[in-house]
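Colleague: Could you take me through one part of this model slowly, the way you would for someone new to helix packing? I would like to see how its pieces meet, and what to be careful about.

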Amino acid sequence: MTPFKGKLRTRHLEIVLAVADLGNLSKAATQLHSTQSALSRAIAEIEDLVGARLFERTAKGTTCTPLGLAMCRHARQLLSSYRKAEIDLAALARGEAGSLTVGCFTLFSGWPVAEAALRFREAHPRITLSVEVGTHERLIEDLDAGALDILISRFASTVNPQIYRSVTLSEDAVVLTCAPGHPLATQADATLADYVRHPWIAALPGSRIRGELEIALRHEGLPIPRMVGALSLEFGREMMRAGQDLWLLPGSVARVWQARGELCVLPLLPPLRRSPLAAIWRRDRPSNRQMRAFATQVARVIQGTPQARDDAGAAR
């Protein structure tokens, strides 16, 4: 491999990632506002710099070689570091005290993270705050790449405690909910058999929660209801308002929304394993004051709910 210090450019990294993510030179060229021939020349130049092939061209598209996969991993880290440096330097240039980029699992992006962000901004007005919302899997990749400082998400069994530090913020069950005007909202004697006659908005196919739920319903001798897999608060709200759908949500989020009159929490659901909501960051990157302050604000929002106070009182 030839040394490429001083020769490998940011544009090279962007090209490698675009081709790898899209798997198609034509699509990558469109995304990068280039031509396919120019992109082919650029890839040849990059492969010459690293001294080996990064991609295999087939009739079905372009796939990464093992070296290409390693190059993509480093490219994401380097580009994330560049973007983070730009944000930090821009904040300092404006006379601010730095920046904080938070990742948030979608179902917690309304409550408690939005409220925590309001409190954090008030307490730390000179910190530039950015919040990225997405799935746990994508956000963990962003955390690994350095694009995020801290992640607020479920601490799943796949999260390696040797790599990540975490602070548990809450630990509650998944619950099933419906719109306030839904027939089940006032049917006190409704059973699970009544629930499965309605369509559900649930976890994504292949997820741990979806798998456990389907196994539990079969164990009860019940059919699997019609399900739409979705992790979007906006989508779930609209589906629940527009039809007869029941919605699977984290219990803490559902109780807050129920207190606001937005939905009703149904009393029955097969028991599912709990996954704690946690503030997560990498062990190889020291936590800073801003990260700890944001995690503290999220914890305070959660502890301030009536349900959290009731749980704390019961524990004592």
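**A close look at helix packing**

Modeller: Happy to, and let's begin with the caution. This is a predicted model, and pLDDT stays under 50 over residues 306-316. For that stretch the model has 5 contacts beyond four places in sequence. Where pLDDT is low, the predicted coordinates should not be read in detail, so please leave that stretch aside. The wider picture is this: the protein chain averages a pLDDT of 87, and 92% of the residues score at least 70.

Now to the part I would like you to look at, residues 8-65. UniProt, in an unreviewed entry, places the feature "domain: HTH lysR-type" there. Over these residues the chain is 60% helix and 14% strand, and the C-alpha atoms at the two ends lie 19 Å apart.

Find helix α1, residues 10-22, and helix α3, residues 36-50. Two packed helices are described by the angle between their axes and the distance between the axes. For α1 and α3 the angle is about 110°, and the axes are 10 Å apart. That makes α1 roughly perpendicular to α3, since angles of 65 to 115 degrees count that way. The crossing of this pair is left-handed.

Which residues do the touching? From α1 come His-12, Ile-15, Val-16 and Val-19; they meet Leu-39, Ala-42, Ile-43, Glu-45, Ile-46 and Leu-49 of α3. Sorted by class, this contact of α1 with α3 has 8 nonpolar residues, 1 polar and 1 charged.

While you are here, pause at His-33, in the loop between α2 (25-31) and α3. His-33 has a positive phi of about 55°, although it is not a glycine.

A second helix pair makes a useful companion. Helix α5 (113-123) packs against helix α11, residues 289-303, at an angle of about 130°, with axes 8 Å apart. The two are therefore oblique to each other, and α5 passes α11 in a right-handed crossing. On the α5 side, the residues in contact include Val-113, Ala-116 and Phe-120, while those of α11 include Ala-293, Phe-294 and Val-298. The contact of α5 with α11 divides into 9 nonpolar, 2 polar and 3 charged residues.

Finally, look at the loop between β3 (98-105) and α5, where Pro-112 sits. A cis peptide bond joins Trp-111 and Pro-112, with omega about 5°.

Definitions and conventions
Residues numbered from 1 in each chain as written. Predicted model: local features only at pLDDT ≥ 70, side-chain atom pairs only at ≥ 80, totals over all residues. Heavy atoms only, no water. Axes fitted to C-alpha atoms, helices over the stretch in contact; angles between N-to-C directions. Helix = DSSP H or I, 4+ residues; strand = E, 2+ residues; numbered from the N terminus. Parallel < 35°, antiparallel > 145°, perpendicular 65-115°, else oblique. Left-handed = near helix turned anticlockwise from the far one by under 90°. Contact = heavy atoms within 4.5 Å. Nonpolar A, V, L, I, M, F, W, Y, C, P; charged D, E, K, R; others polar. UniProt positions renumbered as here; feature names shortened; annotations may be inferred. pLDDT = per-residue confidence, 0-100.
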